[in-house]
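Work through the exercises below with the coordinates open. Try each task before reading its solution.

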Amino acid sequence: MAIEVGIILEGKVSGITKFGAFVDLPDSKTGMVHISEVAPTFITEIGDYVKVGQTVKVKVLSVNDGKISLSMKQALPKDQQKKPQKQQRSNNRQPYKPAPPVTSPGDYEWQSSRKASPSSFEDMMSRFKQTSEDKMSDLKRGESRGYSRRGNGNGRR
């Protein structure tokens, strides 16, 4: 019997790998079912679906250079080829709800701790620049005394 694309055959699983299962076909031929073609659902462990020595129905997808690509899920009746509907969550887990949007950036160190009246962008930028300059001068003073920002075990370079 010639193996042609599209025909459905019965074969025996002869080996299992992480990526699929090898199936012995008639006429001493062997084909491979990729893990994505085993069942209509997502599979992480192929051993949960097929065992060595099991007889399975397969559909021939392609024959290239002696390599035979097979599908178990396409050999199923049409009504069983569809992915099953997702089941309702169990174990009383709540469905995912996204966090509410952030409405303000928060109280950062460079912001005034007291809530002043709304100021202009230029005022806020001026305060930010002044605070940054103060911090930079503190860092430079620390480095001039021999302290390193990275640290080398003894606090000195």
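A salt bridge here is a side-chain nitrogen of Lys or Arg within 4 Å of a carboxyl oxygen of Asp or Glu. The model is predicted.

**Exercise 1. Salt bridges**

Task: Find how many salt bridges the whole structure holds. Then state where the partners Asp 138 and Arg 141 lie.

Solution:
- Step 1. A search of the whole structure gives 1 salt bridge.
- Step 2. Asp 138 pairs with Arg 141. Their closest N and O atoms are 2.0 Å apart. The cut-off is 4 Å, so the pair qualifies.
- Step 3. Both residues belong to helix 1, residues 121–144. They are 3 residues apart, about one turn of the helix.
- Step 4. Now check exposure. Partly exposed covers the range between 20% and 50% relative accessible area. Asp 138 has 46%, so Asp 138 is partly exposed. Arg 141 has 43%, so Arg 141 is partly exposed too.

**Exercise 2. A surface patch**

Task: Which residues form a nonpolar patch on the surface? Explain why Phe 128 can be a member.

Solution:
- Step 1. The patch consists of Phe 121, Met 124, Met 125 and Phe 128. Together they have about 380 Å² of accessible area.
- Step 2. Place Phe 128: this residue sits in helix 1.
- Step 3. Patch members need over 30% relative accessible area. Phe 128 reaches 34%, so Phe 128 passes that cut-off. At this value Phe 128 counts as partly exposed.

**Exercise 3. The barrel**

Task: In what order do the strands of the closed barrel run? How are neighbouring strands turned against each other on average?

Solution:
- Step 1. The barrel is closed and has 5 strands. Their order is 1-2-3-5-4, and the pairing is mixed.
- Step 2. Neighbouring strands of this sheet are turned by 55° on average, direction ignored.

**Exercise 4. Around strand 5**

Task: Is the pairing of strand 3 with strand 5 parallel or antiparallel? Settle the same point for strand 4 with strand 5.

Solution:
- Step 1. Strand 3 (residues 29–34) and strand 5 (residues 67–71) are parallel, with 3 bridges.
- Step 2. Look across this pair. Gly 31 faces Ile 68 of strand 5. Met 32 stands opposite Ser 69.
- Step 3. Strand 4 (residues 55–64) runs antiparallel to strand 5, and 5 bridges join them.
- Step 4. On this side, Ser 62 stands opposite Ser 69. Ser 69 thus has Met 32 opposite in strand 3 and Ser 62 opposite in strand 4.
- Step 5. Finish at the hairpin of strand 4 and strand 5. There are 2 residues between the strands. Asp 65 takes a positive phi near 50° in this hairpin.

Technical notes
Residues numbered from 1 in each chain as written. Predicted model: local features only at pLDDT ≥ 70, side-chain atom pairs only at ≥ 80, totals over all residues. Heavy atoms only, no water. Pairing = 2+ DSSP bridges. Helix = DSSP H or I, 4+ residues; strand = E, 2+ residues; numbered from the N terminus. Axes fitted to C-alpha atoms, helices over the stretch in contact; angles between N-to-C directions. Buried < 20%, exposed > 50% of the residue type's maximum accessible area, 1.4 Å probe, protein only. Patch = residues over 30% accessible without salt bridge, like charges linked within 9 Å, V, L, I, M, F, W, Y side chains within 5 Å. Areas by Shrake-Rupley, 256 points an atom, 1.4 Å probe, with all protein chains shown as cover.
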